[in-house]
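Ready for some practice at reading a protein structure? Grab a pencil, open the viewer and try each task before you peek at the solution.

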Amino acid sequence: MTGSWRLFLLCSLLQGAGCNAAEFEALMPERVTTLRGSCVTVPCSFTVRDGFEDKLHPGCISIWRKDKKSFSTTTLKGNLKAYNCTTTFNDVLEDNGQYDLRIDCGDPLKYNFEENPVTIRIKGLPDAPRLTPPKEPVVEGTPVELGCSAPSYCHTHPPTVTWTPALGLSTQLQQDDTVTSTLTFNASHLHHGNNVSCTAAYYIPSGNRTVTSTRYQLSISYAPRNTSAVGSPCLPAREGGCLNLTCTSHANPAVSEFTWYRIHGEHILKIGTGSSLSSQLWNANDVFFCEARNKIGTEKSDVFKIDIQSKLIQNRINPELGDVSKCF
């Protein structure tokens, strides 16, 4: 691999950083963030002055310094011979500490990269996880997928992401500095309006535990459910009198149309629309039911049957009452 091509690859690791093939230069972010007592990995690469490339060897060591004093609690992740100085800082306790890199390969290659230090910032609390809702409106009976992404400040101690309630199968994946959990379940009308939370638990190597969470309210579209028809007779309750009918149903979106039917012998007759309806009582065994509809679907209620006595029978029971009768 040529020196210029190697330099291009190194510069590509950190876009926007200046690169000079003829000079010593460390390429790393200006700032990284972690939790107190945790670790953080600093991506790092470097270049050396022309003529020093062959001085890099497996015995080279990296030394990170703070205030020109060695900082020992680090772990080199990269390969210095490949110009990779990526390092994990362990047990970080001081906020806004600035650290620079020294490469020591023995004479003549010893260099302090003081021009581009990295600042390590400490957060008191981790950022709340980011919950990704479903991409499309969710309809009952279809699979639902929720995503939850939490920052991973320390690769050796990534957060554990959990879901409450545990509605289905969850999987967790760590990628770079982010941990993502995916929850998959089948939508039910029972889930509508319920809250689901994703929680990220951070376990600090020193033994502390920090928890943060994000909540989301589920919205499930479903056809009418629990449709019910009830009625109460007008007074006096008799053949030829009236019956006040009421139809109720649960649905999302809300019911757009209620339709009423009367069963007369072997015939089913449509008698009106609306959640409330007044109908005339034809005989002593009138039977009614309603149907609720929204854009998802329909549902019929159980039949509602009212037993009444004819005027003739009622008058025989108590002729003094005339047309006044008891509600059954």
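Below are six short exercises on this predicted model, each with a worked solution.

**Exercise 1. The nonpolar cores**

Task: Find out which residues of the largest nonpolar core touch the most other members, and which element gives the largest share.

Solution:
- Start with the core itself: it has 27 residues, and Met28, Phe46, Trp64, Phe89 and Leu101 touch the most other members.
- Next, look at where the members come from. Strands β3 (40-42), β9 (97-104) and β10 (110-123) are the elements that give two or more residues to this core.
- Of these, β10 supplies the largest share, with four residues.
- Don't stop there, though: a second, separate core has 21 residues, and Leu146, Trp163, Val179 and Phe185 are among them.

**Exercise 2. Strand β10 and its partners**

Task: Work out which way β2 and β9 run relative to β10, and how many bridges join each of them to β10.

Solution:
- Take β2 (residues 31-35) to begin with: it runs parallel to β10, and five bridges join the two.
- A handy spot to check is Leu35, which stands opposite Lys123 in β10.
- Now take β9: it runs antiparallel to β10, with seven bridges between them.
- Here you can look for Gly97, which faces Ile120 in β10.
- Finally, go to the turn. The hairpin of β9 and β10 has five residues between the strands, and Gly106 there takes a positive phi near 80°.

**Exercise 3. An aromatic pair**

Task: Decide whether the rings of Tyr111 and Phe113 are stacked or edge-to-face, and then say how buried each residue is.

Solution:
- Get the geometry first: the ring centres of Tyr111 and Phe113 are 4.9 Å apart, with 70° between the planes.
- Compare that with the cut-off: planes over 60 degrees apart count as edge-to-face, so this pair is edge-to-face.
- Then check exposure. Tyr111 has a relative accessible area of 22%, so this residue is partly exposed.
- Phe113 comes out at 2%, so this one is buried.
- Zoom out and you'll see that both rings belong to a cluster linked by ring pairs, along with Phe24, Phe46, Phe52 and Tyr83. In total, the structure holds 12 aromatic pairs.

**Exercise 4. A buried threonine**

Task: Is Thr47 buried or exposed, and what does its side chain reach?

Solution:
- Locate Thr47 in strand β4 (residues 45-47).
- Its relative accessibility is 6%, and buried means under 20%, so Thr47 counts as buried.
- Follow the side chain of Thr47 and you arrive at the backbone oxygen of Glu23, at 3.1 Å.

**Exercise 5. Disulfides and their handedness**

Task: A search of the whole structure finds five disulfides. Work out the handedness of the link between Cys44 and Cys85, and then that of the link between Cys247 and Cys290.

Solution:
- Begin with Cys44 and Cys85, whose sulfurs sit 1.8 Å apart. The torsion about their S-S bond is about -75°, so this disulfide is left-handed.
- Place the two ends: Cys44 is in the loop between β3 and β4, while Cys85 is in the loop between β7 (74-76) and β8 (87-89), 41 residues apart.
- Both ends are buried, with Cys44 at 4% relative accessible area and Cys85 at 0%.
- Move on to Cys247 and Cys290, with an S to S distance of 2.1 Å. Their torsion is about 70°, so this disulfide is right-handed.
- This pair also links distant parts of the chain: Cys247 lies in strand β20 (residues 242-252) and Cys290 in strand β24 (residues 285-293), 43 residues apart. Both cysteines are buried.

**Exercise 6. Salt bridges**

Task: Among the 11 salt bridges, find the partner of Arg65 and the partner of Lys123.

Solution:
- Arg65 pairs with Glu114, and their closest N and O atoms are 2.8 Å apart.
- Along the chain these two are 49 residues apart, with Arg65 in strand β5 (residues 61-66) and Glu114 in strand β10.
- Check their surroundings: Arg65 is buried at 9%, whereas Glu114 is partly exposed at 36%.
- Lys123 pairs with Asp127, at 3.1 Å between the closest N and O atoms. Lys123 is partly exposed at 24%, and Asp127 is partly exposed at 40%.

Technical notes:
Residues are numbered from 1 along each chain as its sequence is written. Side-chain values use heavy atoms; hydrogens and water are left out. A nonpolar core is a set of buried Ala, Val, Leu, Ile, Met, Phe, Trp, Tyr and Cys residues joined through side-chain atoms within 4.5 Å. Buried means under 20% relative accessible area, exposed over 50%, partly exposed in between (1.4 Å probe, protein chains only). Rings of Phe, Tyr and Trp (its six-membered ring) pair if their centres lie within 6.5 Å; planes under 30 degrees apart count as stacked, over 60 as edge-to-face and the rest as tilted. A polar contact is a pair of N or O atoms within 3.5 Å; within protein, one must be able to donate a hydrogen and the other to accept it, and residues adjacent in sequence count only if both atoms are side-chain atoms. Two strands pair if DSSP finds at least two bridges between them. A disulfide is a pair of cysteine sulfur atoms within 2.5 Å. A salt bridge is a side-chain nitrogen of Lys or Arg within 4 Å of a carboxyl oxygen of Asp or Glu.
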